[in-house]
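Please open the structure in your viewer, with a cartoon for the backbone and sticks ready for side chains. The tour below proceeds by selections, each followed by what is to be found there.

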Amino acid sequence: MPVKATKIETLRKMLTRKSGASIAQIQTATEWQPHTVRAALSRFRKAGEAIAREKNAKGIAIYRITQGGDRP
């Protein structure tokens, strides 16, 4: 039986995609509330990850890891 990825691993995979991920996409994948998603993003930043926040064509904020750092 395959091992299920943790929510933090899921978040890291979403943030390392070229397209990044929105708060809503992360919420759907992790079943977290918006404030929990933002806290997890802060945890990545504190661990040394550079997370870019950009807006897509629809004006929705998209988050991506732009450079490596220590893992949370």
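What follows is a walk through a predicted model, going from helix packing to single side chains.

**First stop: helix 1 against helix 3**

Begin by selecting residues 7-16, which form helix 1, together with residues 34-46, which form helix 3. The axes of these two helices come within 12 Å of one another and cross at roughly 75°, which makes helix 1 roughly perpendicular to helix 3. To see the contact itself, show the side chains of Ile8, Leu11, Arg12 and Leu15 on the helix 1 side, and those of Ala40, Leu41, Arg43 and Phe44 on the helix 3 side. Sorted by class, the residues of this contact comprise six that are nonpolar and two that are charged, with no polar ones.

**Second stop: Arg12 and its partner**

Stay in helix 1 and select Arg12, which lies in that helix. Is Arg12 buried or exposed? Its relative accessible area is 13%, and because buried means under 20%, Arg12 counts as buried. Now add Glu49 to the selection, and look for it in the loop between helix 3 and strand 1, the strand that spans residues 50-55. Glu49 is likewise buried, with a relative accessible area of 6%. The side chains of Arg12 and Glu49 are joined by a polar contact of 2.9 Å, which you can display as a distance between the two.

**Third stop: helix 2 and what covers it**

Next select residues 23-30, which make up helix 2, and colour its buried residues, Ile23, Ile26 and Thr30. If you turn the view to look down the axis of helix 2, these buried residues fall within an arc of 65°, so they line one face of the helix. An α-helix has 3.6 residues a turn, so residues three or four places apart point the same way. Which elements should you then bring back into view to see what covers that face? The cover over the buried residues of helix 2 includes helix 1, helix 3 and strand 2, the last of these at residues 61-67.

**Fourth stop: helix 2 against helix 3**

With helix 2 still selected, add helix 3 and compare the directions of the two axes, which are 9 Å apart and at an angle of about 100°; helix 2 is therefore roughly perpendicular to helix 3. From helix 2 the contact is made by Ile23, Ile26 and Gln27, and from helix 3 by Pro34, Val37, Arg38 and Leu41. These residues divide into five nonpolar, one polar and one charged.

**Fifth stop: Glu31**

Move just past the end of helix 2 to Glu31, which takes a positive phi of about 65° there, a positive value in a residue other than glycine. Glu31 sits in the loop between helix 2 and helix 3, and with a relative accessible area of 68% Glu31 is exposed.

**Last stop: Glu54 in strand 1**

Finish by selecting Glu54, whose place is in strand 1 and which counts as partly exposed at 40% relative accessibility. Setting aside residues up to four places away in sequence, Glu54 touches Ile60, Ala61, Ile62 and Arg64. With Arg64 there is also a polar contact, side chain to side chain, at 3.0 Å. Finally, add Ser22: Glu54 and Ser22 are 32 residues apart in sequence, and the distance between their C-alpha atoms is 9.7 Å.

Definitions and conventions
Residues are numbered from 1 along each chain as its sequence is written. This is a predicted model: local features need pLDDT of at least 70, side-chain atom pairs count only at pLDDT 80 or more; totals for chains, interfaces and linings use all residues. Side-chain values use heavy atoms; hydrogens and water are left out. Helices (H or I, at least four residues) and strands (E, at least two) are DSSP runs, numbered from the N terminus. Buried means under 20% relative accessible area, exposed over 50%, partly exposed in between (1.4 Å probe, protein chains only). A polar contact is a pair of N or O atoms within 3.5 Å; within protein, one must be able to donate a hydrogen and the other to accept it, and residues adjacent in sequence count only if both atoms are side-chain atoms. Contact means heavy atoms within 4.5 Å. Axes are lines fitted to C-alpha atoms, for helices over the stretch in contact, and angles run from 0 to 180 degrees between N-to-C directions. Angles under 35 degrees count as roughly parallel, over 145 as roughly antiparallel, 65 to 115 as roughly perpendicular and the rest as oblique. Ala, Val, Leu, Ile, Met, Phe, Trp, Tyr, Cys and Pro count as nonpolar, Asp, Glu, Lys and Arg as charged, and the others, Gly among them, as polar. The arc is that of the directions from the helix axis to the C-beta atoms.
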